[in-house]
Amino acid sequence: MSRRLTLKKISLEAQLLLVGIPVLLWTLVPIYHMFLFAISERDTATSGRLWPKNPTLQNFEIVFQKKHFYLDHFWQQLFNSLWIAVAVGALTLFIATCAAFAISRLRVRGGRTVMNLALFTYFIPAAFLAVPMYKTMSNYGLLNNQWSLILAMVTIASPYCIWVLKQASDKLPLELDEAARMDGASPLQLFWLVYLPLMVPSLVAVGTYSLLLAWNEYLYAFLLLSNDKDVTLSVALGNFLSADDSPWELLMATGLIYAAPPAAIYYTFKRYMVGGLTAGAVKS
Amino acid sequence: MATVSFRKIEKAYGPVKVIHGIGFDIADGEFVVLVGPSGCGKSTLLRMLAGLEEITAGEILIDDKVVNDLESKDRDIAMVFQSYALYPHMTVRDNMAFSLKLRKADARLTAERVDNAARILNLGPLLDRFPKELSGGQRQRVAMGRAIVRDPKVFLFDEPLSNLDAKLRVAMRAEIKALHQRLKTTTVYVTHDQIEAMTMADRIVVMHDGIIEQIGTPLELYDHPGNLFVAQFIGSPSMNVFDGVLQREGAGATSTTAVSALGSLWPVAGLAGGSHGQKVHYGIRPGDLTLADAGIAAEVVVVEPTGAETELLLQIGSGATAQQLILVMHGRTNAQPGDTVHLAIDGAKAHVFDGQGGQRL
């Protein structure tokens, strides 16, 4: 009996590895490639070796010290990316939390309609809306203003976040609200003292999601911002390719730096990400 | 400490009416239990008193003041929920202090009240734990502590023992009763368990389908159920009831009354109402049936000894007209399944209900 169980376990493990190893390679090879470029000298970058002859950190030095035409505003652009991502994360979190609390806990009228409309926004791909969004921002005179990108990203991120938070807060027992009401809590106190502390895992997940969405955004950033000092690092990376002889090793070094924060954030909060984003996904 | 009055309370969800004009008063310091099968409206009534449900029609008064339009928090009542509803992110101490904190009470007073409640409920060593680190019974006590700290006019309990195992339920029952005797706070307690109602209540309100079937002390309800529903709902095992015809002979003090049913005459004493030939339901509690050498014959189907008592499942007649009865006797018996026994019945212990409406005669 136990032997059969062990065999079954081994077979399951083998199947998982059979799927897991290709997926891992598929994910890691490009990153390794990027890393390889980043530590290679300019001439040997495309040599096709698995490890460079003379690995160097010089590329990073060039990036950090802005010693290249494309990197003139590196620190400013990194900061732009950071500021926009944090602003989008915070704003989305605020909007989605308030919406979820009002719809799920206070049961405001029209809540269902709001939820359906939120879902409806995802019928249209974000790329289709890029031009209308551009027009709208121009109407408001926000073009070339970082707030245009922040608002656009909040618009794109909010509906999903509202859904996730609404599902998660539906799972909190209603008796908690009733107990708090009887204890004398106003809706605002209920929100601060009972609701928010219990929603922390979902809030972290949703905040991280929207932050990373904004950090990774290229299309809208490219469209809405054009001044070199205002653009995000993702747009700046794109600009590397505008020349015939792009400095690949610098592009990859910058890319590696750009990829580090999301990886770190995801790694820190991974416990919340899985639990938080799937909360309410299935009936438990 | 307060009185509570319900005046012609109605509740409807859209077109569906669930409570049909209920009215009764609760005296200061009284322990009243609302009991009834699920869906009878007892929890709804409690939640209306708590201010968690709108009142469709009628008035609820606490200390002679109408509270219909008062928010829950302004009614000065505390409620213990079936699911405990403890705040999972707060320690036991913070859970209990929460209401006082919201009221911006003095920190020293708060600590004093929490310590006091903790002492009453033996929660002292648990004050710094989180709810998830407590057992079911401990959580239940914390929920009670949270109510005690408030020192409210009225305690409300909504099926507080339903989530506990049988043994713990009995222990908590005694604890809640002792607590009431100590604090003497007016208490309204909802349960579907008639044993809980019988053991804890000063007065029981039996509800069914949104109306009150009967109000009375536990023994009043047990000894003089007002109708067939109460008769069968109160008492465990429940009352033996079967159909019969009222036989009345003679008049005045010399009259004799009995019910003919199952091929025998079942004695009745002290029956004022009812007329000869009327169709009735005859009821007799399992504990009021006794075995005798002669009397109504019945066949033993099952013998269930529990030590102190023995429960017999009996059958009278056979085929389609067979009627099963339960008999509970003190001590033990030699009766075996298949044996024939004879039943002696004290007519004074019989209950007779109208065959149509089920009202007590």
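In which helices of chain A is confidence lowest and highest? The model is a predicted one, and in chain A the low end falls in helix H11 (residues 248-278), with a mean of 83. Helix H3 (residues 74-105) of chain A stands at the high end, at 95. Taken as a whole, chain A has a mean pLDDT of 88, and 94% of its residues reach 70 or more. Over residues 280-284 of chain A the pLDDT drops below 50, and this stretch has 4 contacts in the model beyond near neighbours in sequence. For chain B the mean pLDDT is 92, with 99% of residues at 70 or more. The scores for the model are ipTM 0.83 and pTM 0.82.

Chain A can be read by domains. The assignment places domain 1 at residues 2-63 and domain 2 at residues 69-278 of chain A. Taken over C-alpha atoms, the centres of these two domains of chain A are 30 Å apart. The contact between them involves 11 residues of domain 1 of chain A and 11 residues of domain 2 of chain A. On the domain 1 side, helix H1 (2-38) and helix H2 (58-64) of chain A each supply at least two of the touching residues. That side of domain 1 of chain A is made up of 8 nonpolar, 2 polar and 1 charged residues.

The next contact is the one between the chains. Chain A contributes 14 residues to it and chain B contributes 16 residues. Within the side of chain A that touches chain B, helix H7 (174-183) and helix H8 (187-216) of chain A each supply at least two residues. H7(A) gives the largest share, 7 residues. By residue class, the side of chain A that touches chain B holds 8 nonpolar, 2 polar and 4 charged residues.

Chain B contains 8 helices and 20 strands. Along the principal axes, its C-alpha atoms fill a box of roughly 75 × 45 × 40 Å. Of the 361 residues of chain B, 39% count as buried. When contacts in chain B between residues at least 6 apart in sequence are considered, 64% of them join residues at least 24 apart.

One sheet of chain B can be followed strand by strand. It is an open sheet of 5 strands in the order E15-E19-E16-E17-E18, with antiparallel pairing. Strand E15 (289-292) and strand E18 (323-330) of chain B each have a single partner strand, so one side of each is left without a neighbour in the sheet. From one strand to the next, the twist averages 50°. Inside this order, strand E16 (residues 296-305) and strand E19 (residues 340-345) of chain B pair in the antiparallel sense over 4 bridges. B:Ala298 has B:Val341 in E19(B) as its bridge partner.

A single residue of chain B closes the walk. B:Arg75 lies in the loop between strand E5 (65-66) and strand E6 (77-80) of chain B. Is this residue, B:Arg75, buried or exposed? B:Arg75 counts as buried because it has 21 C-beta neighbours inside 10 Å, where the cut-off for a buried residue is 20 or more. Leaving aside residues up to four places away in sequence, B:Arg75 touches B:Gly51, B:Ile62, B:Val67 and B:Leu70. B:Ser264 is 189 residues from B:Arg75 along the chain, and 58 Å separate the C-alpha atoms of the two.

Key
Residues numbered from 1 in each chain as written. Chains lettered and ligands numbered in written order. Predicted model: local features only at pLDDT ≥ 70, side-chain atom pairs only at ≥ 80, totals over all residues. Contact = placed C-beta atoms within 7 Å. Nonpolar A, V, L, I, M, F, W, Y, C, P; charged D, E, K, R; others polar. Pairing = 2+ DSSP bridges. Axes fitted to C-alpha atoms, helices over the stretch in contact; angles between N-to-C directions. Domains from an automatic or database assignment. pLDDT = per-residue confidence, 0-100. Buried ≥ 20, exposed ≤ 12 C-beta atoms within 10 Å, placed from the backbone.
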